[in-house]
Amino acid sequence: MAERMLKFTTVDRVTPPKRGATARAGDFHEIYADFIDAKAAEQASRCSQCGIPFCQTHCPLHNNIPDWLRMTAEGRLREAYDLSQATSSMPEICGRICPQDRLCEGSCTIEQSGHGTVTIGAVERYLTDKAWEEGWVAPLVAGPDQGRSVGIIGAGPAGLSAAERLREMGYAVTVYDRHDRAGGLLIYGIPGFKLEKDVVARRTKRLADGGVEFQLGFEVGRDASLDELRARHDAILVATGVYAARELQVPGAGSAGVTPALDYLIASNRVGLGDDVPAYASGQLNAQGKHVVVVGGGDTAMDCVRTAVRQGAASVTCLYRRDRANMPGSAREVGHAEEEGVTFEWLAAPRAVTGEADNAKGVRAIRMRLGAPDASGRQAPEEIEGGDFDLKADLVIKALGFDPEDLPAAFGAPDLAVSRWGTLKADFRTQMTSIPGVFAAGDIVRGASLVVWAIRDGRDAADAICAYLSQPALAAAE
C-alpha cells in the first residue's frame, strides 16, 4: 500500500535494526540489517518534498533523493532504484559508508526543524540491495565501439566509476592495480562491519563481465612506466588515491609495536578474505590480548578502534587532541565505538611512545585545551602544563591521515606536476594533468576525502576523457 508523504510529524525516525554491541563485537559482519519493505516505505514517507532539496544539493553526486524517496513510499521500487543508480555508480556502497550525518541527512529540512532527518542512507542501501535480489541491476553493456582505449591506474572507487562510464560510452578500458583484488580501499581499507566484501565484489564482477579488463598485481613504475602505458592507450586516468601514512612525530615512534593504520586494516581485511598474513599470525598486526592506543580522530581511527575490539584487544583507547565537537570522523561511528567499549581520551595528544626500541609498552600523553583559531579558522590545540599522563599500550596505531605518494618518481614521469601537498595538479575544467592525455581523479587530486567524492570525480573524469578523445584534431591525427 502506497504511503502518503510529509508524515514526519506523525512518524518518528527509525533506523534499520542494529545488532547489540556485545554480539556484533565478536565478528566482522555489518551491524545493520536491511529495512523490510513496509518500513522502508514508511520511513521514505517522512520526506517533506522540499521545494529546494538541500539533501540533493549537499550530495556530491546530486542524487535525486526526494523523487526516489517518494517512489519508495509509493511502492514503485524498481523506478526508485533506476533513478537512484542514474547518478551513482555504487548506491548501495554509498548507502553503507557515506557520512550522511555530514551530507544529505545533515542538510535535511526536517532535521533542522527538530523532527529527525529522513533515513536517506538506509533507504538508498535498501533499494539497491533489493535490486540485486530481484535482478533489476542490468549487466554493463558497452556502447558503440569508439576504437580507442583508456588505461586507468587504480581500482578504487574513482577508477571503477570512471571505468563503468567509459565502457558505457564504447571505450576499451583496462584497469591496473597493485593489489590482487579490485576495489582499493573499499576492499582493503574499510572493515567488513561497515562494508562486507561481497558487496564490492559483485560490482567489480559486473564491470569485468561488461568487458572491463583488470590487470591486478600490476605496479606502475615496476611493471611498466607511465610512458609505456601511454603508448598502449589513447588516454590514461590516474586514480591511485593517497596511501602514504602521516608520521607520528614523537620520541619512540619508530619502536616495534607502532604501526600505520592502513597496514593494520589491510592485514585484518586480508585475514577476513581468507589470505595468509604472516604479520597477523605473528601478532605484529593483531590486537588480540593487547592494550591498543589509536592516535587520530577521523573515520580511519574509528575503523581501527572497532577492528581492535573485534580482534579481542584487552583495552582500546582513542587519543585525539581536540574535543568531540571538533572530531573530523563521523559522529555515528564514534557512537558505535563507544557502545562497543572503546575509551576516548578527548583533548589529549601523545608526547612519546614508551618502552624499548623492540617493544612498545605505553604512550606518554598530555592534556590539551583549545586556543585561538589557526589559519583555517579551527581552534588550535595547546598543551596544558603539568597535564602529562600515561596509557598502557602494546600496540600503537597511527591514524593521522594520508598523504600522496611521490608519483612522478614512482611512475618514472618527472614531467607529472604536483601541488605543494604532493597531489597531482589537474585542470579543474578538464581534469587533465600537465601531461597531455593523462587525467587524474579522486583523492590523488583533492587529497584524502570521501568515497562519494571519488565516485563523482571518476564520473566527471570519464566525461572529460570522452570530450578529449572526441576532438577532431585527435581523430585527424590517427
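This passage walks through the sheets, hairpins, helix pairs and a few loop residues of a predicted model.

Residues are counted from 1 along each chain as its sequence is written, and side-chain values rest on heavy atoms, with hydrogens and water left out. Since the model is predicted, local features need a pLDDT of at least 70 and side-chain atom pairs count only at pLDDT 80 or more, while totals for chains, interfaces and linings use all residues. Helices (H or I, at least four residues) and strands (E, at least two) are DSSP runs, numbered from the N terminus.

One open sheet has five strands in the order E3-E2-E1-E4-E15, with parallel pairing; two strands are taken to pair if DSSP finds at least two bridges between them. Strand E3 (213–216) and E15 sit at the edges, each pairing on one side only. On average, neighbouring strands of this sheet are turned by 20 degrees against each other, direction ignored. Within the sheet, strand E1 (residues 149–153) runs parallel to strand E4 (residues 235–238), and four bridges join them. Ile152 has Leu237 in E4 standing opposite.

Another open sheet, also of five strands, reads E6-E13-E7-E8-E9 and is again paired in parallel. Its edges are strand E6 (258–260) and strand E9 (343–345); each has a single partner strand, so one side of each is left without a neighbour in the sheet. From one strand to the next, the twist averages 25 degrees. E6 pairs with strand E13 (residues 395–398) in the parallel sense over three bridges, and Thr259 has Ile397 in E13 as its bridge partner. As for what holds such strands together, strands of a sheet pair through backbone hydrogen bonds, either parallel or antiparallel.

Helix H15 (residues 299–310) lies across this part of the model, in contact (heavy atoms within 4.5 Å) with strand E7 (291–295), strand E8 (315–319), E9 and E13. H15 runs at about 170 degrees to E8; axes here are lines fitted to C-alpha atoms, for helices over the stretch in contact, and angles run from 0 to 180 degrees between N-to-C directions. H15 also packs with helix H16 (residues 331–339), at an angle of about 20 degrees and with the axes 10 Å apart. The two helices, H15 and H16, are therefore roughly parallel to each other; angles under 35 degrees count as roughly parallel, over 145 as roughly antiparallel, 65 to 115 as roughly perpendicular and the rest as oblique. Asp299, Met302, Val305 and Arg306 on the H15 side meet Glu333, Val334, His336 and Ala337 on the H16 side. That contact is made of four nonpolar, one polar and three charged residues, where Ala, Val, Leu, Ile, Met, Phe, Trp, Tyr, Cys and Pro count as nonpolar, Asp, Glu, Lys and Arg as charged, and the others, Gly among them, as polar.

A second helix pair joins helix H2 (residues 37–44) and helix H4 (residues 65–73), whose axes come within 7 Å and cross at roughly 135 degrees. H2 and H4 are therefore oblique to each other. Here Ala40, Ala41 and Ala44 in H2 meet Leu69, Thr72 and Ala73 in H4. Sorted by class, the residues of this contact are five nonpolar, one polar and no charged.

The antiparallel pairing turns up in two hairpins. Strand E10 (residues 348–356) and strand E11 (residues 359–373) run antiparallel, joined by eight bridges, and their hairpin has two residues between the strands. Ala352 stands opposite Arg364 in E11. E11 then runs antiparallel to strand E12 (residues 379–392), with nine bridges joining them. Met368 is the bridge partner of Glu383 in E12. Five residues lie between the strands of the E11 and E12 hairpin, and Gly377 in the turn has a positive phi of about 90 degrees.

A few loop residues round things off. Most residues other than glycine have a negative phi, and most peptide bonds are trans. Leu347, in the loop between E9 and E10, has a positive phi of about 50 degrees although it is not a glycine. Gln49, in the loop between H2 and helix H3 (54–57), likewise has a positive phi of about 50 degrees without being a glycine. Leu347 is partly exposed, at a relative accessible area of 24%, and Gln49 is partly exposed at 24%; buried means under 20% relative accessible area, exposed over 50%, and partly exposed in between (1.4 Å probe, protein chains only). Trp421, in the loop between helix H17 (407–410) and strand E15 (438–440), is exposed, with a relative accessible area of 56%.
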